[in-house]
Number of protein chains: 2
Amino acid sequence: MTDLAIDFADVEDAARRLAGVSHHTPVQTSRTLDALAGRAISMKCEQLQRAGAFKFRGAYNAISRLSAAERARGVVAFSSGNHAQAVALASRLLNVPAAICMPDDAPSVKLAATRSYGAEVLVYERASTDREAFTRAVAAERGATLIPPYDHPHVIAGQGTAALEFLHQVPDLDALVIPVGGGGLLGGCALVAKTLNPAIRVFGVETEGADDVRRSLRAGERISIAPPSTIADGIRTQSPGRLTFPIIQRYVEDVVLVRDDEVLDALRFLLLRAKVVAEPTGAVGVAAVLQGRIPIDCVRLGVIICGGNIDPPLLAQLWA
Amino acid sequence: MTDLAIDFADVEDAARRLAGVSHHTPVQTSRTLDALAGRAISMKCEQLQRAGAFKFRGAYNAISRLSAAERARGVVAFSSGNHAQAVALASRLLNVPAAICMPDDAPSVKLAATRSYGAEVLVYERASTDREAFTRAVAAERGATLIPPYDHPHVIAGQGTAALEFLHQVPDLDALVIPVGGGGLLGGCALVAKTLNPAIRVFGVETEGADDVRRSLRAGERISIAPPSTIADGIRTQSPGRLTFPIIQRYVEDVVLVRDDEVLDALRFLLLRAKVVAEPTGAVGVAAVLQGRIPIDCVRLGVIICGGNIDPPLLAQLWA
């Protein structure tokens, strides 16, 4: 195992750190979904996780491992999405000062939500600024620790606790279906699932146009794509992580693709029939199942609804 | 107890009939809601009940008690809302033919949903037709049994199972906060709650303009109001039921009021922060709590989210 960034014990350790802090999110089923898909679908409801997405698991685990001196100097992160709120909330709970670097065109609700958790928000001009360089400069100036969104062992281990819970809640799954952006959730969960049950099959889901992980798996190496345009903003990565990719290569059978309009259909189905509030990235797994993209011999499917922070304008547009 | 339509044993019997058929719906909490309300709020998620509302409990219990001969002749109901889908689904599960009388201006999605459960839909002209007379004529012609939406002992007993589950899930509640239209849910749940814990306090919630139950309680008799105009369509009754009112009189401390705009605020909060899909009637309890309408010494509140069948156009309007 030493060639991978984490092993199973790291996830077990993360689970101990998260106990009583993160939500043990429920698993939901829908007879209507089962009938439409012709399979038995269990949905792991990470939209009900603290701050509305699985990201809290990794952020909290990473920050909880900092030394007292590191904590005093604070943490920095860059994100316009769920990682921002996750780092902000985890930092508040651990009494660590947090600065979140967000682009000037981030939705005002996300800026407000991040500030509401007590974080300092540093706004940069998206057009003219290299966000990683900007964030590194902030970190260097303050002596703060950068908490990356996925490519960090403690972040990956934290995300893996979602699968640890899920497979205790529903032990007899044939396959897991998991959204993949940078690969923290998919990598951590795949490692856990295959350790607990080597027979389980693990699939990632990307949207068409944001298929960097699928391409990388096929090429046998990390491929970088042009900045993707997709409604699933959590999947808009250009390449899998340096640490997450080897884990995905070892444990993930395939990454399947869905179109944006299929994601919107899944979002509408989840809201109206299953009463599940998902954001676009959170709905890609259900979209893949509804579109028949998962091998037909996988009968008991576990799908991770990874987040529910949908923007109000999109909610309105769903029925425009 | 003989002066009331049901007693506790009727609810226990209903629970046995519903076991393995209705969903044991989860209880959800939200730290953000607790912080806003200054109380500990537990939400009983009946929007996750089969057919999307608590109505399935009463409809299934009532139909399950019909004799073989009665079942063969079928059931009839009138409803443009959740009772229609509940009777349709319960009938299909019990192999009973069902005819649902719906007005010609009912939303097409509700007509389609009712038909999708296998029920025959009989459309009447709302402007020119007395719906109860129309339905009774259909029932008489077919020898079918009318399943009323609330004023029936087996319906009230079925709805009471929601509180039976809730108080087993969260035994130490100070008060229950429950939407009230015709009073089936409020009556059944109040009887259960006060039987299990005489110290618990039970509050109904209506919208302003649809305050027939509040007025009736104050008058000490059933008051009939003009057809109410409110966004909470499950509350648009003109008077409490003949059977439900005496139960409410005995067990319910008060009925509090919320405005439609407060209901919309609660709907938005539930969707965006708690990730709960409620219909307007389902959100009135949370609205009452957020607006401080429940006595301040009730610290541990149980709120029933009674349904989640929100119309897509309203979902879009929430952020217009």
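These numbered points go through a predicted model of two chains, from how the copies are arranged to a helix, a core and a single loop residue.

1. Some conventions come before the details. Residues are numbered from 1 along each chain as its sequence is written, while chains are lettered from A and ligands numbered from 1 in the order in which they are written. Because the model is predicted, local features need pLDDT of at least 70 and side-chain atom pairs count only at pLDDT 80 or more, whereas totals for chains, interfaces and linings use all residues; side-chain values use heavy atoms, with hydrogens and water left out.

2. When the copies are superposed by least squares on the C-alpha atoms of residues with pLDDT of at least 70 in both, a turn of 180° with a shift of 0.0 Å along the axis lays chain B on chain A with an RMSD of 0.0 Å. The two copies are therefore related as by a two-fold rotation axis. In chain B, the C-alpha nearest to this axis belongs to Ala316(B), at 1.9 Å.

3. Chain B and chain A each give 23 residues to the contact, where contact means heavy atoms within 4.5 Å. Together the chains bury about 1,900 Å², of which 61% lies on carbon and sulfur atoms; buried area is the accessible area (1.4 Å probe) that two parts lose on being put together, summed over both. The rule finds 0 salt bridges across this interface, a salt bridge being a side-chain nitrogen of Lys or Arg within 4 Å of a carboxyl oxygen of Asp or Glu.

4. Helix α5 of chain A covers residues 82-93, helices being DSSP runs (H or I, at least four residues) numbered from the N terminus. Of its 12 residues, 10 are buried, so α5(A) is largely enclosed by the rest of the structure; buried means under 20% relative accessible area (1.4 Å probe, protein chains only). Among the buried residues are His83(A), Val87(A) and Leu89(A), and the buried residues of α5(A) pack against α3, β3, β4 and α6 of chain A. Just after α5(A), Asn95(A) takes a positive phi of about 55°.

5. The largest nonpolar core (buried Ala, Val, Leu, Ile, Met, Phe, Trp, Tyr and Cys residues joined through side-chain atoms within 4.5 Å) has 76 residues, and Leu270(B) is one of those with the most contacts inside it. Leaving aside residues up to four places away in sequence, Leu270(B) touches residues including Met43(B), Val286(B) and Ile305(B).

6. Gln49(B) sits in the loop between β2 and α3 of chain B, and it counts as buried because its relative accessibility is 3%.

Terms used:
Buried means under 20% relative accessible area, exposed over 50%, partly exposed in between (1.4 Å probe, protein chains only). Helices (H or I, at least four residues) and strands (E, at least two) are DSSP runs, numbered from the N terminus. The expected span of a helix is 1.5 Å times one less than its number of residues.
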